[in-house]
Amino acid sequence: MESDSLIIIPTYNEKENIASILHVVLEMKEHQFDALVIDDNSPDGTGAIVDDLIKTEFPDRLHIIKRTGKLGLGTAYIAGFKWALEHDYQYIIEMDADFSHRPQDLIPLQAACATGGADVAVGSRYINGVNVVNWPMGRILMSYFASKYVRIITGMHVHDTTAGFVCYRRQVLESIDLDKIEFKGYAFQIEMKYTAYKMGFKIVEVPIVFVNRVLGTSKMNSSIFGEAMFGVIKLKWSSTFDRKHKFTRKTASTASGSSHSS
């Protein structure tokens, strides 16, 4: 049976997690997902582990794009989006490799787009309070207030604007000029949501529990939040933004009457 849903997982040095996360998501019974790993030439051999799984266990459902080095989270997802569109997937999901995004939350996230009327479904840590496990308080506060700041500046009715657990209907990605997305770090997540928001797509938040990684090393640092903070000003006030993205939804099947939801 062919899957209509693709999970994109960017990796850099995730040998402790990658086999486990792929087994869980590819063996789920509730819905069949395929997976695409975007590996940035991990020196720990992450790519080789994925290669072995493709050969031995998931030859038709697991795929990999190997890149030459650390080229940025945003460019990894853009490469994955283009691959997903070329291979006719209807629902494209961003997901981390380290189990901070719980596999069981894939089901309501995908369903929000497949049957719930959403164009973009955001796995939200903050729509029902603060649902984060094992993060230091300083990091929780930084993330929470960063999302709140972005919401105020942009006007988006989204509580978790920096979330990286997101499902897109293919019409959204077809409508956005992916080559014009500027940010390569975590501000990429804000830019994608803001672009969809400005184009009139319906954004729905699905409550999730975010769990801090147990194995491997976090890629998060204060400079990532700095990029997000200054980047959102650029997104909001850039005189070229509307012209670049030509906010129209002609290709979307939900072309009329969509509202933004949180």
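Q: In which helix does Met137 lie?
A: Keep in mind that this is a predicted model. If you follow the chain to residues 137-154, you are in a helix, and Met137 is part of that run. The helix that holds Met137 is H5.

Q: Is Met137 buried or exposed?
A: The cut-off for exposed is over 50% relative accessible area. Met137 comes in at 55%, so this residue counts as exposed.

Q: Which residues make the nonpolar surface patch of about 320 Å²?
A: We just placed Met137 in helix H5, and at 55% this side chain is exposed. Met137 is one of the patch residues. The full set is Met137, Leu141 and Phe145.

Q: How many aromatic pairs are there, and are the rings of Tyr77 and Phe81 stacked or edge-to-face?
A: The count comes to six aromatic pairs. For Tyr77 and Phe81, the ring centres are 6.0 Å apart and the planes sit at 20°. Planes under 30 degrees apart count as stacked. With 20° between the planes, the pair is therefore stacked.

Q: Which helix holds both Tyr77 and Phe81?
A: Both of these residues are buried. They sit four residues apart, which is about one turn of the helix. The helix they share covers residues 73-86 and is H3.

Q: Are the rings of Phe81 and Tyr168 stacked or edge-to-face?
A: Here the ring centres are 5.6 Å apart, with the planes at 70°. Planes over 60 degrees apart count as edge-to-face. At 70° the pair of Phe81 and Tyr168 is therefore edge-to-face.

Q: How many residues apart in sequence are the parts that Phe81 and Tyr168 tie together?
A: Phe81 belongs to helix H3, while Tyr168 belongs to strand S7 (residues 166-169). Because the two residues lie in those two elements, their pair ties together parts of the chain that are separated in sequence by 87 residues.

Q: Is Tyr168 buried or exposed?
A: Anything under 20% relative accessible area counts as buried. Phe81 has a value of 0%, so Phe81 is buried. Tyr168 has 0% relative accessibility too, so Tyr168 counts as buried.

Q: Which residues form one aromatic cluster?
A: Phe81 pairs with Tyr77, and Phe81 also pairs with Tyr168. The cluster takes in those residues plus Phe188. Its members are Tyr77, Phe81, Tyr168 and Phe188.

Q: Which residue lies over the face of Phe210?
A: For a charge over a ring, look at Lys70 over the face of Tyr12, at 4.5 Å from the ring centre. Phe210 has such a partner at 5.4 Å from its ring centre. That partner is Arg125.

Q: How many salt bridges does a search of the whole structure find, and which residue meets Asp34 in one?
A: The search turns up nine salt bridges. Asp34 sits in strand S2, and its partner lies 27 residues away, in the loop between H2 and strand S3 (62-66). The N to O distance is 3.3 Å, and the partner is Arg61.

Q: Is Arg61 buried or exposed?
A: Asp34 is at 5% relative accessibility, so Asp34 counts as buried. Arg61 has 18%, and the cut-off for buried is under 20%. Arg61 therefore counts as buried.

Q: Which residue forms a salt bridge with Asp179?
A: Asp179 is exposed at 57% relative accessibility, and it lies in the loop between helix H6 (170-175) and helix H7 (187-198). The closest N and O atoms of the bridge are 2.5 Å apart. The partner sits in helix H3, 97 residues away along the chain. That partner is Lys82.

Q: How far apart are the C-alpha atoms of Asp179 and Lys82?
A: The side chains make a polar contact at 2.5 Å. Lys82 counts as partly exposed, at 33% relative accessibility. The C-alpha separation of this pair is 10.0 Å.

Q: What is the value of phi for Asn41?
A: Most residues other than glycine have a negative phi. Asn13, in the loop between strand S1 (5-11) and helix H1 (18-26), has a positive phi of about 55°. Asn41 lies in the loop between strand S2 (34-39) and helix H2 (46-56). Phi of Asn41 is also positive, near 55°.

Definitions and conventions: Residues are numbered from 1 along each chain as its sequence is written. This is a predicted model: local features need pLDDT of at least 70, side-chain atom pairs count only at pLDDT 80 or more; totals for chains, interfaces and linings use all residues. Side-chain values use heavy atoms; hydrogens and water are left out. Buried means under 20% relative accessible area, exposed over 50%, partly exposed in between (1.4 Å probe, protein chains only). A polar contact is a pair of N or O atoms within 3.5 Å; within protein, one must be able to donate a hydrogen and the other to accept it, and residues adjacent in sequence count only if both atoms are side-chain atoms. Patches are made of residues with over 30% relative accessible area and no salt bridge: like charges are joined within 9 Å, nonpolar side chains (Val, Leu, Ile, Met, Phe, Trp, Tyr) within 5 Å. Accessible areas come from the Shrake-Rupley method with a 1.4 Å probe; for residues, only the protein chains shown count as cover. A salt bridge is a side-chain nitrogen of Lys or Arg within 4 Å of a carboxyl oxygen of Asp or Glu. Rings of Phe, Tyr and Trp (its six-membered ring) pair if their centres lie within 6.5 Å; planes under 30 degrees apart count as stacked, over 60 as edge-to-face and the rest as tilted. A charge sits over a ring if NZ of Lys or CZ of Arg is within 6 Å of the ring centre and within 35 degrees of the ring normal.
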